[in-house]
Amino acid sequence: MECLVYIKVYDAPKVDKKEILRYAGVLCDNDEINATLDSCIAEAENTLSYKLCYSRYPVRVEGDRVDLGFASLMSYSLANRLKDCCEVLLFCATVGHGIDRLIARYSVVSPARAVMLQAFGSERVEALCDAFCADIAVEEAERGCKTKPRFSPGYGDLPLELQRDIFTLLDCQKRIGVTLSGDMFMTPTKSVTAIIGIQKEK
């Protein structure tokens, strides 16, 4: 099943320092932690690239069975999220390899800094996904539709193996440089695949 695949590039979304600290597991920050955070952001922000690829597919939900056109699977979680939807939008987003290189370097010489960089990378790719989902919501509203919150393989009972289909359909390696290993790990690590349900307004 072939559908058009689009590529979108973003400027850096606004940084949420509280979210970074949450990802890092910091319950109570102080001047030293904030200084480390600011230093990590300053070092890493210019290594990031905000890219994603996406495509649309029809969807049909019957009970717990979800027919995505390219795959049919049983998933209560996904069926519940996509009920009343007529289409889905599949996407893969990444902030690139640069943050992975920094994490690998500091894992050896400064584990605490590596943890903060991990958290920064996680916040960045989630911010990219949020920006994209907000843009799609506006576009769909203009078409008389609304979007459901994104849902990723591995959430609930949705099989992680659905990643293979998404990577095949979007050709993520060719389009945005993201690869998938045999055990479903993505490289760059700060990458996300997800499904957005699209529902016609009643």
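This is a dialogue in which a visitor learns to read several features of one predicted model.

Visitor: Where should I begin with the strands, and in what order do the five strands of the open sheet stand?

Guide: Begin by following the strands from one edge of the sheet to the other. In this predicted model, five strands form an open sheet in the order β1-β2-β6-β10-β7, and their pairing is antiparallel. The edge strands are β1 (6-10) and β7, each of which pairs on one side only. If direction is ignored, neighbouring strands of this sheet are turned by 25 degrees against each other on average.

Visitor: How many bridges join β6 to β10, and which residue in β10 is the bridge partner of L89?

Guide: Eight bridges join β6 to β10, and the two strands run antiparallel; within that pairing, L89 has I196 in β10 as its bridge partner. On β10 there is also a pairing with strand β7 (residues 145-147), again in the antiparallel sense and over three bridges, where K146 has Q199 in β10 as its bridge partner. Strand β10 is mostly covered, since nine of its ten residues are buried.

Visitor: Which strands does α5 touch where it packs on the sheet?

Guide: To read a helix against a sheet, one looks at what the helix touches and at the angle of its direction. Here α5 packs on the sheet and touches β1, β2, β6, β7 and β10, while its direction makes about 150 degrees with that of β6. Another helix, α6 (residues 162-170), lies across β2, β6 and β10 and runs at about 85 degrees to β6.

Visitor: What should I know about nonpolar side chains in general, and how many residues does the largest nonpolar core have here?

Guide: In soluble globular proteins, nonpolar side chains tend to be buried together. The largest nonpolar core in this model has 35 residues, and those with the most contacts inside it are L89, F91, I99, L117 and F132. Two or more residues are given to this core by each of α1 (17-23), α2 (31-44), β2, β6 (87-94), α4 (98-109), α5 and β10 (191-200). The largest share, eleven residues, comes from α5. There is also a second, separate core of 28 residues, which includes L73, L170, C172 and M186.

Visitor: Taking one residue of the largest core, what is I99 in contact with, leaving aside its neighbours within four places in sequence?

Guide: With those neighbours left aside, I99 is in contact with A44, T47, L48, L117, F120, G121 and K190.

Visitor: How is a pair of aromatic rings described, and how many aromatic pairs does the structure hold?

Guide: A pair of aromatic rings is described by the distance of the centres and the angle of the planes. The structure holds five aromatic pairs. One of them is formed by Y54 and F132, which are tilted, at 5.0 Å centre to centre and with 55 degrees between the planes. Because Y54 lies in strand β2 (residues 50-58) and F132 in helix α5 (residues 111-142), this pair ties together parts that are 78 residues apart in sequence. Y54 counts as buried at 12% relative accessibility, and F132 is buried as well, with a relative accessible area of 0%.

Another pair, F151 and Y155, is edge-to-face, at 5.6 Å centre to centre and with 85 degrees between the planes. Of these two, F151 is buried, with a relative accessible area of 7%, whereas Y155 counts as partly exposed at 44% relative accessibility.

Visitor: Which residues do ring pairs link into a cluster, and over the face of which residue does R22 lie?

Guide: Ring pairs link Y6, Y54, F91 and F132 into a cluster. As for charges over rings, R22 lies over the face of Y23, at 4.9 Å from the ring centre, and R113 lies over the face of Y106, at 5.0 Å from the ring centre.

Visitor: What is the order of the open sheet of three strands?

Guide: Its order is β3-β4-β5, with antiparallel pairing. Strands β3 (60-62) and β5 (72-74) stand at the edges with a single partner strand each, so one side of each is left without a neighbour in the sheet. From one strand to the next, the twist averages 20 degrees. Three bridges pair β3 with strand β4 (residues 65-67) in the antiparallel sense, and R60 has D67 in β4 as its bridge partner.

Note on methods: Residues are numbered from 1 along each chain as its sequence is written. This is a predicted model: local features need pLDDT of at least 70, side-chain atom pairs count only at pLDDT 80 or more; totals for chains, interfaces and linings use all residues. Side-chain values use heavy atoms; hydrogens and water are left out. Rings of Phe, Tyr and Trp (its six-membered ring) pair if their centres lie within 6.5 Å; planes under 30 degrees apart count as stacked, over 60 as edge-to-face and the rest as tilted. Helices (H or I, at least four residues) and strands (E, at least two) are DSSP runs, numbered from the N terminus. Buried means under 20% relative accessible area, exposed over 50%, partly exposed in between (1.4 Å probe, protein chains only). A charge sits over a ring if NZ of Lys or CZ of Arg is within 6 Å of the ring centre and within 35 degrees of the ring normal. A nonpolar core is a set of buried Ala, Val, Leu, Ile, Met, Phe, Trp, Tyr and Cys residues joined through side-chain atoms within 4.5 Å. Contact means heavy atoms within 4.5 Å. Two strands pair if DSSP finds at least two bridges between them. Axes are lines fitted to C-alpha atoms, for helices over the stretch in contact, and angles run from 0 to 180 degrees between N-to-C directions.
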